[in-house]
Each structure stands twice: as C-alpha cells, then as structure tokens.
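Reader: I am new to this structure and would love a close look at one part of it. Could you walk me through the sheet and what surrounds it?

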Amino acid sequence: MMKFINVGFGNMIAAERVVALVSPDSAPMKRLVGEAREGGRVIDVTCGRRTRSIIITDSDHVILSATQPETIAGRLSDESEEEELDTEEEE
C-alpha cells in the first residue's frame, strides 16, 4: 500500500519515492533546481511562499516546499515507524 506524506498546503507525495530532502540554501541546490526547471521536472508546492525544503524523488523530479525539512523528515520517519508496527502485527 502506498503511503503519502503532507509536504504543505494539503499537497501529498508518495513517501517511498523520496530519495533526498535538502535545504535550498546552497549553490549546488540552487543550480539543481534551475536545471530541473529547464527540464520541466520542478513541482512547486510553495503556494507563492519562500522555498524552505527541496525534495528529490526517484523519478528525478524536484519538489519545492515551504515546509521546513525537519518537519517533513519527521513525517517521513512517522511513516516508517508505522510500517514497522504493521509488519510486527502481521507476524
């Protein structure tokens, strides 16, 4: 079953597709976003607010979110903990 996490403003992404969750402040990340924008692989879910985190997926899409990376990481870890509990219950 596919698990989704909230990345802000009611937008959801598939948790198992996330490869990296990074801060947008460094020059390499800005360059990565620029290249992805040129390639049409950017998904902007900031609703006009400042980008606070960049999510990179296994399909090479770059998702821009206004939610702090720590918040999204917490939501991702909550999902993985739920999966572990589900696995233990099945055994």
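Author: Happily; here is a walk from the whole chain to the open sheet, and then to the hairpin and the cores.

Please keep in mind that this is a predicted model. The chain has two helices and six strands, and from the N terminus on they follow one another as β-β-β-α-β-β-β-α. Of the 91 residues in the chain, 31% are buried. If you take the contacts between residues at least 6 apart in sequence, 48% of them join residues at least 24 apart. The chain exposes about 5800 Å², with carbon and sulfur atoms supplying 49% of that area.

Now to the part you asked about. Four strands form an open sheet, and reading across it the order is 3-5-6-4, with mixed pairing. Which strands stand at the edges? They are strand 3 (18-22) and strand 4 (42-44); each has a single partner strand, so one side of each is left without a neighbour in the sheet. From one strand to the next, the twist averages 20°.

As a general background point, strands of a sheet pair through backbone hydrogen bonds, either parallel or antiparallel. Here, strand 3 pairs with strand 5 (residues 53-57) in the antiparallel sense, over four bridges. One place to find this pairing is Val18, whose bridge partner in strand 5 is Thr57.

Let us stay with Thr57 for a moment. Is Thr57 buried or exposed? Its relative accessibility is 10%, and buried means under 20%, so Thr57 counts as buried. The side chain of Thr57 also makes a polar contact of 3.0 Å with the side chain of Ser59. Leaving aside residues up to four places away in sequence, Thr57 touches Arg17, Val19 and Ile63.

What lies across the sheet strands? Helix 1 (residues 27-38) does: it lies across strand 3, strand 4, strand 5 and strand 6 (62-65), and runs at about 115° to strand 6.

Next comes the hairpin. Strand 1 (residues 4-8) and strand 2 (residues 11-14) pair in the antiparallel sense over four bridges. Phe4 has Ala14 as its bridge partner in strand 2. Two residues sit between the strands of this hairpin, and Phe9 takes a positive phi near 60° there.

Met12 is a good residue to pick out in strand 2. With a relative accessible area of 47%, Met12 is partly exposed. Not counting residues up to four places away in sequence, Met12 touches Phe4, Ile5 and Asn6. Met12 and Val45 are 33 residues apart along the chain, and their C-alpha atoms are separated by 9.6 Å.

Finally, let us look at the cores. The largest nonpolar core has nine residues: Ile5, Val7, Ile13, Ala15, Val18, Val45, Ile55, Ile63 and Ile72. Val18 is thus a member of this core as well as the bridge partner of Thr57. Another core lies apart from that one; it has seven residues, among them Met29, Val33, Ile56 and Leu64. Back in the largest core, Ala15 touches Lys3, Phe4, Ile5 and Leu76, again not counting residues up to four places away in sequence.

Key
Residues are numbered from 1 along each chain as its sequence is written. This is a predicted model: local features need pLDDT of at least 70, side-chain atom pairs count only at pLDDT 80 or more; totals for chains, interfaces and linings use all residues. Side-chain values use heavy atoms; hydrogens and water are left out. A nonpolar core is a set of buried Ala, Val, Leu, Ile, Met, Phe, Trp, Tyr and Cys residues joined through side-chain atoms within 4.5 Å. Buried means under 20% relative accessible area, exposed over 50%, partly exposed in between (1.4 Å probe, protein chains only). Contact means heavy atoms within 4.5 Å. Accessible areas come from the Shrake-Rupley method with a 1.4 Å probe; for residues, only the protein chains shown count as cover. Two strands pair if DSSP finds at least two bridges between them. Axes are lines fitted to C-alpha atoms, for helices over the stretch in contact, and angles run from 0 to 180 degrees between N-to-C directions. A polar contact is a pair of N or O atoms within 3.5 Å; within protein, one must be able to donate a hydrogen and the other to accept it, and residues adjacent in sequence count only if both atoms are side-chain atoms.
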